[in-house]
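Here is a friendly walk through one protein model, from the overall fold down to single side chains. Have a look at the structure first, and then we will go through it piece by piece.

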Amino acid sequence: ANHIYPLTGVDVFGIATGAYAGRIVVGANQAGRAYVYERVEPGHWPTEPSAVLYIPTDQGYVRTLGNFGVAVDISDLYVLVGANEDRKAYLFYPGTDGKWHPDSRVVFEPPLPTTDFGIALSVCDDFAVITSNLARKAFIYRRSGPRSGTHGWTNTLDAVIDAYDDRIFFGSSVSIAPSGTDIIIGADSNNTAYIFEQDAHGHWL
């Protein structure tokens, strides 16, 4: 097995991970960063990340508050990073040079104040799913329009999936299929995972 180690001084490296077709992303929430690595060849991963994603402050420093990096995922084109203490999730898209940069991003926020929004998330090329475990909801955002500028992403909510039972912590984990047609959402307090499929009308059932 290959090993990837954090850069010096990075704490809680590996709290969240995602992988897609020769690329991986690793979250380090106490450092406020997410690291992207790209496989060089089969069985060989570099020790240095190809991109380091973070939220810059007005002074240009890395913002380490907000729990940025507590949840991460990666698709063919996008990297999604949660910051549940800020109740935000950040979707990074390739810049004009084909690489990810901290400034090339879209910010997702829930329509109403929602505790721990961004605690779990998943992304494919057309959908982003972000959960709030304490609010027992999963929020779905859909890409529309051409893949230019912000790549067709906005903060406009496409759908909300609610828990069947208010007593469970719905949204402790989530994953969406690369096709965007199936979502599985965990409810660990209930020892259950719920599978949703999108019908021909775009509804999640």
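## The overall picture

The protein chain contains zero helices and 15 strands. Its radius of gyration is 16 Å, close to the 17 Å that the globule rule gives for 205 residues, so the chain is as compact as a globular protein of that length. Please keep in mind that this is a predicted model. Along the principal axes, the C-alpha atoms fill a box of roughly 45 × 40 × 35 Å.

How much of the chain is buried? Of the 205 residues, 46% count as buried. The surface that the protein chain exposes comes to about 10,300 Å², and carbon and sulfur atoms supply 48% of that area. As for how the chain meets itself, take the contacts with a separation of 6 or more: residues 24 or more positions apart account for 41% of them.

## Charged pairs

Side chains of opposite charge can pair when their charged atoms come close. In this model the count comes to four salt bridges, and three of these can be followed one by one below.

Let us begin with Glu38 and Arg23, which form a salt bridge with their closest N and O atoms 3.7 Å apart. Glu38 belongs to strand β3 (residues 33-38) and Arg23 to strand β2 (residues 23-28), so the pair ties together parts that are 15 residues apart in sequence. Glu38 has a relative accessible area of 32%, so it counts as partly exposed. Arg23 is also partly exposed, because its relative accessible area is 23%.

Next come Asp162 and Lys137, whose salt bridge has its closest N and O atoms 2.4 Å apart. This pair links distant parts of the chain, with Asp162 in strand β12 (residues 157-162) and Lys137 in strand β11 (residues 137-142), 25 residues apart. Asp162 is partly exposed, with a relative accessible area of 39%, and Lys137 is partly exposed at 28% relative accessibility.

Arg105 and Asp103 make a further salt bridge, and here the closest N and O atoms are 3.7 Å apart. Is Asp103 buried or exposed? Its relative accessibility is 62%, so Asp103 counts as exposed. Its partner Arg105 is partly exposed, with a relative accessible area of 25%.

## A buried acid without a salt bridge

Now for Asp73, which lies in strand β5 (residues 68-74). Asp73 is buried yet has no salt bridge. Which side chain of opposite charge is nearest to Asp73, and how far away is it? That side chain is Arg23, 12 Å away. Arg23 has appeared already, as the salt-bridge partner of Glu38.

What does the side chain of Asp73 reach instead? It comes to 2.9 Å from the backbone nitrogen of Val123. Val123 is also among the residues that Asp73 touches, leaving aside those up to four places away in sequence. The others on that list are Gly18, Val25, Tyr78, Val79, Leu80, Leu121 and Ser122.

## Two residues with positive phi

Most residues other than glycine have a negative phi, and most peptide bonds are trans. Against that background, two places in the backbone deserve a look.

Ala21 has a positive phi of about 45°, although it is not a glycine. Ala21 sits in the loop between β1 (13-20) and β2. With a relative accessible area of 68%, Ala21 is exposed.

Asp116 is not a glycine either, and it has a positive phi of about 60°. Its place is in the loop between β8 (100-108) and β9 (120-123). Where Ala21 is exposed, Asp116 is buried, with a relative accessible area of 11%.

## A serine in a loop

Our last stop is Ser179, found in the loop between β13 (173-176) and β14 (182-187). At 51% relative accessibility, Ser179 counts as exposed, because the cut-off for exposed is over 50%. The side chain of Ser179 makes a polar contact with the side chain of Thr181, at 2.8 Å.

How far is Ser179 from Ala1? In sequence the two are 178 residues apart, and in space they are 29 Å apart, C-alpha to C-alpha.

Technical notes: Residues numbered from 1 in each chain as written. Predicted model: local features only at pLDDT ≥ 70, side-chain atom pairs only at ≥ 80, totals over all residues. Heavy atoms only, no water. Helix = DSSP H or I, 4+ residues; strand = E, 2+ residues; numbered from the N terminus. Buried < 20%, exposed > 50% of the residue type's maximum accessible area, 1.4 Å probe, protein only. Lys, Arg positive; Asp, Glu negative; His and termini not counted. Polar contact = N/O pair within 3.5 Å; in protein donor to acceptor, adjacent residues only side chain to side chain. Contact = heavy atoms within 4.5 Å. Rg over C-alpha atoms; globule rule 2.2 N^0.38 Å. Areas by Shrake-Rupley, 256 points an atom, 1.4 Å probe, with all protein chains shown as cover.
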